[in-house]
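Welcome, and thanks for opening the viewer. Keep your selection tool ready, and we will go from one stop to the next.

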2 protein chains.
Amino acid sequence: MTQTILLKKRPEGKPTRSDFEFVKEDKELTINHNEMILKTLYVSVDPYLRGRMSDAKSYVEPFEVGKPIHSLVIAKVLDSKNDKFTEGDYVRGMLNWKTKQVSKGEGITKVDPSKADLSAYLGILGMTGLTAYCGLTEIGKPKKGETLVVSGAAGAVGSVVGQIGKILGLTVIGIAGTDEKVEMLKSKFGFDAGINYNTTENMKEAIAEAAPNGVDVYFDNVGGPISDAVLFNINKFSRTVNCGAIAVYNNTEQPKSVSVRPFLVKNSASMQGFIVSNFENKFPEAIKQLSTWLAEDKLTYSETIVEGFENIPQAFIDLFDGKNKGKMVVKA
Amino acid sequence: MTQTILLKKRPEGKPTRSDFEFVKEDKELTINHNEMILKTLYVSVDPYLRGRMSDAKSYVEPFEVGKPIHSLVIAKVLDSKNDKFTEGDYVRGMLNWKTKQVSKGEGITKVDPSKADLSAYLGILGMTGLTAYCGLTEIGKPKKGETLVVSGAAGAVGSVVGQIGKILGLTVIGIAGTDEKVEMLKSKFGFDAGINYNTTENMKEAIAEAAPNGVDVYFDNVGGPISDAVLFNINKFSRTVNCGAIAVYNNTEQPKSVSVRPFLVKNSASMQGFIVSNFENKFPEAIKQLSTWLAEDKLTYSETIVEGFENIPQAFIDLFDGKNKGKMVVKA
C-alpha cells in the first residue's frame, strides 16, 4: 500500500490539518527502463513550503491543489532499472510526500550513511547548511571582530549561521522564543548571548545591550517586529541577509513594519533576499567546508525528528509555532 | 557687512522659517597666512540637510543649534594669502551660509566658469551628478534592456538618473508630483513614461502598466508609499537604490510601511542605501563621464535658481513641497 499527501486546498493564514488530504493506493508499483522504486525514509518539512502552497507570485511554482506536495526527501532504492542506482542505495532528492514512488533519477543524488546520519543530509549537509553558509558568507560578508545578530537562532538555519559566525571570529547574538532555546544557543552552539523575544519587553534596548558596538550583520529568518527592533541597532555599512520571513508568511493582510528605507539611507546599509539555489556554483565549496568543520567537531546541529509519515502535515504546521529545535524532519 | 544664517532650533516635522536666524556683522574680514576671503555666489540647498538639523544618529554630525548651517557653495576669492588660490578664482566647497567668510582652503577646489555655468558645479557636475551616476551604476547595476523606475524623477538627482538610464539602454519610468513635471520627464529628459502620483489612484497598478516586464532597478529618492507601490512590481534579482527618503524625513513618528522583507526574500532582491562619499574613488571616472555626456548633449539638466541670500531658508523649505524642478540653488 502506498500513501500520498495531497494539497487539498490553499491555506488561509496558518495551515491546518484540513488543508491536506491522505490518499491510499493498493496498486503495486512497477518500473520501466531507467526507473527505480524509492521508499521514503526521511522527509524535510520547511517554512518555505508555505509559500508554495499559496498561488502568489514567488520564486518557485506553487503546488497544485489536488496534487502531491514535495520536498527534500531521503529514500532507499528498493528496485532499480536505472544504470546509476542499485537496490540498497540511499538517495536524496525533491520527491513527493509518498511512502513509495517511482523515479527516473532526475535530480536524485546518492548519500553515504557511513559518513553522517541520514537525516543530516536534509540539514547540516543539505539545504539548511548550504543556506546558512552561502547566505552568511555571500551576502552577510562577515569580518572578524564584527557583531552578528541571528533571528530564529535556534532554528535549523539559525543555529548553523551562529556557529559559522563564531568560527569566523564574530560576536554572535541569537534571538529565540523560549528560555530553553536561548540557553541552548549559548551552551550547545556557542553563541555569545541570547535574547528571548517572548519575555523581553523592549527588544530594541535588549539588542542594544547585547550588541554595544551595534549590529554589522543581521541574518534574518523571521522578518517581523523582531527585525524592526534590530533595525534600530544597525551600524553604518551593515548587511542584512533576508533568509526568511516566517513571522509574516501566514499573514492574510499585507504586513506593515517600521519603514526600513530611512535606516538604509542613514547607514549606507543593505538588505538582500535570496534562495539557496542562487549560489549553486558555491555548493561544492560549501559542502566541503561544512563537512570539514563537522568532522573537526567545530559544528554541531540539532534536529527534531517526528516519527510517522502520517504526522508530516502536523510537523509542518508546528514549524509556525516554533515547536522544532533545529531542523524539523519526519521519519517515515 | 556680512550676513550669516544660523540654526535657531531643531525643526519638528517640516522646517519653518522660525527654525533659522539671520545675524548681521559689520566687522571687516581680515586674513592671516594661508587664509583667503570668499564671497558666496551660489548656495546648494538639499533634502539631506534636513537630517543634519535633527540630532538623531546619522551618517554625518548634526548641525549645532546657534551655529551657522553649511552646504556646498560656489564662491569667488576676494583676497588670498593661500598659495593655492588667487584673487578672482572661482571655487567650490562645504562652506557656511554666510555672504562672506574666511577659509584656509581645506576641501576647497577650483571650478572653471568657461566649461560650464557656475551653478552646474553644484548640480550635474557636483554632488547631484555624482550621486546619480555612482548610485545607479554601483548599486543599481543597470543592464541594457532592463526596466528602471525613478521616484522624485523631476528632482535634481532623479532627472539625471533617468537620463543615464536611457544612455545605458534601459526602459525608464519616472514618478513625479505634477502633470507639468511628468511632461518634462518625457519631453526634456527622454523618459519612456511618467506617472503623476498626485493624480493616480492606484500607484501599484499604474506602475505595473508602465512597466509590463516588472521593475529591475528602482532608484528611490522618496521612500514613502510610492516606494511601497513599486515593491509590488519588483522582479527577481531586482536592485533598489535607496538614495533618499524625503517623504518621511519630516515625520515626527516612526514611519511605517509595507514590510519589504517578504518581497526581498521572494524575489532574491536587494536594497541598499548610500551616501555619495562612499564612492569617492569613483569620482574622477564619474566626472569625466558626466562631462563627456554633457559636451555630447546626451545629458541635460534643470535647475531652479532662487535669487537672494535671504531666501535660502525658504528655498530649503520649498524642497519638501516639491517646488523645485531639478537642482535647487540660491544665487546669493
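Do the copies meet through the same surface or through different ones? Before you look, please note that this is a predicted model. Now colour chain A and chain B separately: the copies meet through the same surface, because 100% of the interface residues of chain A are also interface residues in chain B.

**Stop 1: the two chains together**

Try superposing chain A on chain B. A rotation of 180° with 0.0 Å of shift along its axis does it, with an RMSD of 0.1 Å. The two copies are therefore related as by a two-fold rotation axis.

**Stop 2: where the chains touch**

Next, select the contact between the chains, to which chain A gives 32 residues and chain B gives 32 residues. On the side of chain A that touches chain B, the elements that give two or more residues are β12 (234-242), β13 (256-258), α8 (261-267) and β14 (270-273) of chain A. Pick out α8(A) here, since it is a good place to linger: with six residues, α8(A) provides the largest share of this side. If you colour this side of chain A by class, you will find 13 nonpolar, 14 polar and five charged residues.

**Stop 3: a strand pair across the chains**

Now show β13(A) together with strand β13 (residues 256-258) of chain B. The two strands run antiparallel and are joined by three bridges. Which residue of β13(B) is the bridge partner of A:Lys256? Select B:Val258, and you have found that partner.

**Stop 4: the nonpolar core**

Which residues have the most contacts inside the largest nonpolar core? Select A:Val149 and B:Val149, which hold that place in a core of 184 residues. Zoom in on B:Val149 and leave aside residues up to four places away in sequence: B:Val149 touches B:Ile173, B:Ile175, B:Ile207, B:Ala211, B:Val215, B:Tyr218 and B:Val230.

**Stop 5: two domains in chain A**

Finally, hide chain B and colour chain A by its domain assignment, which gives domain 1 (2-122 + 302-331) and domain 2 (127-277). The centres of these two domains of chain A, taken over C-alpha atoms, are 29 Å apart. Their contact takes 16 residues from domain 1 and 16 residues from domain 2 of chain A. On the domain 1 side of this contact, the elements giving two or more residues are α1 (48-53) and β16 (327-331) of chain A. By class, that side of domain 1 of chain A has five nonpolar, six polar and five charged residues.

Definitions and conventions:
Residues numbered from 1 in each chain as written. Chains lettered and ligands numbered in written order. Predicted model: local features only at pLDDT ≥ 70, side-chain atom pairs only at ≥ 80, totals over all residues. Core = buried A, V, L, I, M, F, W, Y, C linked by C-beta atoms within 7 Å. Buried ≥ 20, exposed ≤ 12 C-beta atoms within 10 Å, placed from the backbone. Contact = placed C-beta atoms within 7 Å. Helix = DSSP H or I, 4+ residues; strand = E, 2+ residues; numbered from the N terminus. Nonpolar A, V, L, I, M, F, W, Y, C, P; charged D, E, K, R; others polar. Pairing = 2+ DSSP bridges. Domains from an automatic or database assignment. Least-squares fit on C-alpha atoms with pLDDT ≥ 70 in both.
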